[in-house]
Amino acid sequence: MTLMPRPSILSVEPYVGGESKIPGVNRIVKLSSNEGAFGPPPAAVEAIRAMAAEAHRYPDGGAKALREAISARFGLDPARIVVGNGSDELLALLILAYGGEGTELVMSAHGFMMYDITGRWAGCRIIKVPEKNLTTDVDGMLAAVGPRTRLMFLANPNNPTGSILPQAEVDRLRAGLRDDILLVLDSAYAEYVTRPDYDAGAKLVDASGTTVMTRTFSKIFGMGGMRLGWCYAPQAVIDVLGRVRGPFNVNAAAMAAGIAAVAEKGWVECSVEHNTLWRGKVSDALTAIGIRVWPSEGNFVLADFGTAAQAKAADDALKARGLIVRAMGGYGLPQCLRITIGTAEECGLVIDALTGFMRG
């Protein structure tokens with residue numbers, strides 16, 4: 001007799017995060033994980049320091065103050081907000097609660113890898129729908145729905161492609177789904193979107209009893225290391241999450257930092273202005289030297305080198321200068337590198353390095 005996990009567990013390929021070290025290189029510029037260009041807001045840093053002396057106290061299990069701060073910042077009902085140990089935890093809880101053996105989870109072909117990983121963990125059959133021009137195909141997603149489908153995930157904007165669905169298409173997707181299918185709108189990059197027709201998901205959550213919006217503090221608020229995320233959901237889903245989440249799933253320092261971060265005046269606006277400017281500059285510069293750059297609404301660009309070999313050579317050239325970006329082979333895009341928009345200096349270093357690479 002051999003101790004074995006459920007068969008679906010063995011089909012999971014462990015998640016591999018962005019690299020952070022290069023052997024033999026002292027100065028590293030890490031542009032592989034879409035972390036905020038400027039780190040956390042100053043008030044959040046101070047809040048983390050202040051909580052150090054209270055580290056022996058259990059946090060508020062209901063995260064009341066943080067939920068109220070999020071509510072005030074985004075104009076949402078605090079009773080319909082749940083916070084998590086990163087939005088990854090909330091995605092996992094939703095999949096485990098509504099999926100499982102005998103169910104199906106539908107996602108786009110190049111959607112966020114954690115949907116696939118956690119879905120397999122839960123025992124779901126994962127259905128990946130081909131995209132059109134690296135953008136979610138709504139008709140394809142709806143056609144993939146079967147009698148066992150219980151979950152559909154849409155990252156909008158999408159990671160790693162940067163593409164976005166117009167609001168009318170998101171609405172059409174929701175309208176085409178049965179009422180027993182949970183649509184999860186992963187809006188991790190929502191703050192970076194400047195399109196006037198964009199809604200991160202709150203309107204659909206309010207209009208539907210089977211839609212959830214997830215958000216994160218890891219991107220524009222620069223707090224990836226604190227592991228803090230949240231979701232906005234119908235009351236019935238809130239009740240389910242309250243039954244399955246851990247009683248103290250978010251630590252006190254993360255909550256204090258989150259409260260301070262959403263109150264930091266001008267932080268989001270300055271970050272968006274910088275990101276929009278330098279995302280455009282990086283895209284234009286790479287395009288000018290012969291690298292295809294896919295349109296992006298996130299804090300990153302997807303650079304397409306045409307072949308896996310050329311992308312690997314470009315990655316090596318960047319690493320030789322201490323620049324770490326994200327290879328996309330794990331996402332089925334081996335010809336691409338995903339490049340986070342960092343500071344102005346960091347973006348300039350990427351442009352210079354790739355210009356030198358393309359010119360041989």
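**Notes on the predicted model**

1. Leaving out residues up to four places away in sequence, Glu101 touches Arg6, Ser8, Ala122 and Gly123. The model is a predicted one, and in it Glu101 is found in the loop between helix 3 and strand 3. Despite these contacts Glu101 is exposed, its relative accessible area being 53%. A further point about this loop residue is that Glu101 and Cys124, although 23 residues apart in sequence, are 5.4 Å apart in space, taken from C-alpha to C-alpha.

2. Two of the residues just mentioned lead on to helix 4. Ala122, which Glu101 touches, is listed among the buried residues of helix 4, together with Met113, Met114, Tyr115, Asp116, Ile117, Thr118 and Gly119. Because eight of the ten residues of helix 4 (residues 113–122) are buried, this helix is largely enclosed by the rest of the structure. Gly123, another contact of Glu101, comes just after helix 4 and takes a positive phi of about 100°.

3. Which elements do the buried residues of helix 4 pack against? They pack against helix 3 (86–98) and against four strands, namely strand 3 (104–108), strand 4 (125–129), strand 5 (149–155) and strand 6 (182–186). Helix 4 lies across strand 3, strand 4, strand 5 and strand 6, and the angle at which it runs to strand 4 is about 155°. Helix 8 (residues 235–244) also packs on the sheet, where it touches strand 2, strand 6, strand 7 (211–216) and strand 8 (229–232), and its direction makes about 35° with that of strand 2.

4. The sheet itself is open and consists of seven strands in the order 2-8-7-6-5-3-4, with mixed pairing. Its edge strands are strand 2 (81–84) and strand 4, each of which pairs on one side only. Direction ignored, neighbouring strands of this sheet are turned against each other by 20° on average.

5. Two of the pairings may be described in more detail. Strand 3 and strand 4 pair in the parallel sense over five bridges, and Glu104 has Arg125 of strand 4 as its bridge partner. Strand 5 and strand 6 likewise pair in the parallel sense over five bridges, with Leu183 of strand 6 as the bridge partner of Met152.

6. Strand 6 is mostly covered, five of its five residues being buried. In a regular strand the side chains alternate between the two faces of the sheet. Here Leu182, Val184 and Asp186 point one way from strand 6, whereas Leu183 and Leu185 point the other way, and all of them are buried. A reviewer may wish to note that Asp186 is included in this buried set, just as Asp116 is included among the buried residues of helix 4.

7. Is Thr136, in the loop between strand 4 and helix 5 (138–143), buried or exposed? With a relative accessibility of 10%, Thr136 counts as buried. Apart from its neighbours within four places in sequence, Thr136 is in contact with Ser108, Glu131, Met141, Leu154 and Leu165.

8. The aromatic pairs come to seven by count. One of them is the tilted pair formed by Phe217 and Phe221, with 5.3 Å from centre to centre and 35° between the planes. Phe217 is buried at a relative accessible area of 1%, and Phe221 is buried as well, at 2%. Elsewhere, ring pairs link Phe112, Tyr115 and Phe153 into a cluster; Tyr115 is also one of the buried residues of helix 4.

9. Helix 10 (residues 267–288) and helix 12 (residues 344–358) pack with their axes 10 Å apart and at an angle of about 5°. Angles under 35 degrees count as roughly parallel, and the two helices, helix 10 and helix 12, are therefore roughly parallel to each other. On the side of helix 10 the contact is made by His274, Trp278, Lys281, Val282, Ala285 and Leu286, and on the side of helix 12 by Ala344, Cys347, Ile351 and Leu354.

10. Two of these contact residues of helix 10, Trp278 and Lys281, are also related to each other, since the charged end of Lys281 sits over the ring of Trp278, at 4.4 Å from its centre. A second arrangement of this kind involves Arg292, whose charged end sits over the ring of Trp294, 3.7 Å from the centre of that ring.

Definitions and conventions. Residues numbered from 1 in each chain as written. Predicted model: local features only at pLDDT ≥ 70, side-chain atom pairs only at ≥ 80, totals over all residues. Heavy atoms only, no water. Buried < 20%, exposed > 50% of the residue type's maximum accessible area, 1.4 Å probe, protein only. Contact = heavy atoms within 4.5 Å. Pairing = 2+ DSSP bridges. Axes fitted to C-alpha atoms, helices over the stretch in contact; angles between N-to-C directions. Phe/Tyr/Trp six-rings, centres within 6.5 Å; stacked < 30°, edge-to-face > 60°. Lys NZ or Arg CZ within 6 Å of the ring centre and 35° of its normal. Parallel < 35°, antiparallel > 145°, perpendicular 65-115°, else oblique.
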